[in-house]
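Colleague: Could we go through this model together? I would like to begin with its general form and then look at some individual residues.

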Amino acid sequence: MADGRFALVTGAAQGLGFAAAKAFLEMGFGGVLLVDRNADKLAEAAVKLGPLGRVVTLPGDLMDVALPARAVAAAVSAFGRLDVVVNAAGNTERCGLDDTTPEAFERLFGVNTRAPLFMMQEAVKAMRPNRSGIIINMSSMLSHGGPPNLTTYSASKAALNILTRSSAHKVARDGIRIFAINLGWVNSDGEHALQTGFHGMPQDWADAIGRRMPAGRMITPDDVAGLVAYLVSPSASMMTGAIIDYEQMPVAVFESHPALSPE
């Protein structure tokens, strides 16, 4: 059944962004604008999604402060309106107190915080005349507090969550709803490349780690796309400003440890 809505998704060449775009087309959206800095993978994603519906692509790096305005303008030009935005692009660069450089700080906050803010700003301009719209920001469980080598990344996501909640309050009476999803450990294409390339993990790292998880496997992009589909459905129409933890273990709850157990 045709849905009639149109979406813009960043980080759409693979992983969470691709899964969200696929879910929208399967729901019957009239079209999706895919944004990603990797033009080759973006073209491949468009070929894969093409049989499901109308797909438009816009290569671009979100470190470019002008990209959000260009992306929203491209979506409105292509579709005539914009109903849903998913800010799925992210930078997971490793650095903390001792080794964060000004350049690394700019990259992390530029992609993870600044780009979603200005994408929301531009999207709201396009959505207000229709008095409807949904924006979903992909955040992280580490926004609650991260390990030493992800301190700056964690801070960028914590800031994104504040922007999400405050912006949702600002536009609630305009019919626009805004959410953030705090992602747990997701077995995405980007995470696989990071774990095998940067951390030297074996190719089957996700299977080995997944077996130790409560559900017996790791979270997949398709799992997260299911939540995205819910948030853009009528069932979630009375929600806004929610920061949703998508994780198998509740935050700040730890497995029992012999050293902490009573004798």
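Modeller: Certainly. The radius of gyration is taken here over C-alpha atoms, and the globule rule is 2.2 Å times the number of residues to the power 0.38. Please keep in mind that this is a predicted model.

Colleague: What radius of gyration does the protein have, and what would a compact globule have?

Modeller: The protein has a radius of gyration of 18 Å, which agrees with the value near 18 Å for a compact globule of 263 residues. Along the principal axes, its C-alpha atoms fill a box of roughly 65 × 40 × 40 Å.

Colleague: How many helices and strands are there?

Modeller: There are eight helices and seven strands. Of the contacts between residues at least 6 apart in sequence, 71% join residues at least 24 apart.

Colleague: And what share of the residues is buried?

Modeller: Buried residues account for 47% of the 263. The protein exposes about 12,900 Å², of which carbon and sulfur atoms supply 57%.

Colleague: Let us turn to the interior. Which residues touch the most other members of the largest nonpolar core?

Modeller: They are Phe24, Val86, Ile136 and Ile181, in a core of 32 residues. Among the elements that give two or more residues to this core are strands S1 (6–10) and S4 (84–87), together with helices H1 (15–26) and H8 (221–231). The largest share, six residues, comes from H1.

Colleague: Is there another core, or none? Which residues would it include?

Modeller: A second, separate core has 26 residues, including Val35, Ala71, Ala75 and Val124.

Colleague: Going back to Val86, what is it in contact with?

Modeller: Setting aside neighbours within four places in sequence, Val86 is in contact with Leu8, Val9, Thr10, Phe24, Ile136, Met138 and Val228.

Colleague: Val228 is in H8, I believe. Which residues of H8 are buried?

Modeller: The buried residues of H8 are Pro221, Val224, Ala225, Leu227, Val228, Ala229 and Leu231. Their cover includes H1, S4, S5, S6 and strand S7 (243–246).

Colleague: Now Ala71, from the second core. Where does it lie?

Modeller: Ala71 lies in helix H3, which covers residues 67–79.

Colleague: Why does Ala71 count as buried?

Modeller: Ala71 counts as buried because its relative accessible area is 0%, and the cut-off for buried is under 20%. Residues up to four places away in sequence not being counted, Ala71 touches Leu8, Leu33, Val35, Leu58 and Met119. Ala71 and Leu33 are 38 residues apart along the chain, and their C-alpha atoms are separated by 8.2 Å.

Colleague: What about Ala23: buried or exposed?

Modeller: Ala23, which is found in helix H1, is buried, because its relative accessible area is 12% and the cut-off is under 20%. The C-alpha atoms of Ala23 and Met213 are separated by 26 Å, and these residues are 190 apart along the chain.

Colleague: A different topic: how far does helix H4 reach?

Modeller: Helix H4 (residues 102–127) reaches 35 Å from its first C-alpha to its last, close to the 38 Å expected for its 26 residues at 1.5 Å a residue. H4 also bends by about 45° at Gly110.

Colleague: One last point. Where is Arg131, and what is its phi?

Modeller: Arg131 is found in the loop between H4 and S5. Its phi is positive, about 55°, although Arg131 is not a glycine.

How values were computed:
Residues are numbered from 1 along each chain as its sequence is written. This is a predicted model: local features need pLDDT of at least 70, side-chain atom pairs count only at pLDDT 80 or more; totals for chains, interfaces and linings use all residues. Side-chain values use heavy atoms; hydrogens and water are left out. A nonpolar core is a set of buried Ala, Val, Leu, Ile, Met, Phe, Trp, Tyr and Cys residues joined through side-chain atoms within 4.5 Å. Buried means under 20% relative accessible area, exposed over 50%, partly exposed in between (1.4 Å probe, protein chains only). Helices (H or I, at least four residues) and strands (E, at least two) are DSSP runs, numbered from the N terminus. Contact means heavy atoms within 4.5 Å. The expected span of a helix is 1.5 Å times one less than its number of residues. The bend at a residue is the angle between axes fitted to the seven residues ending there and the seven starting there. Accessible areas come from the Shrake-Rupley method with a 1.4 Å probe; for residues, only the protein chains shown count as cover.
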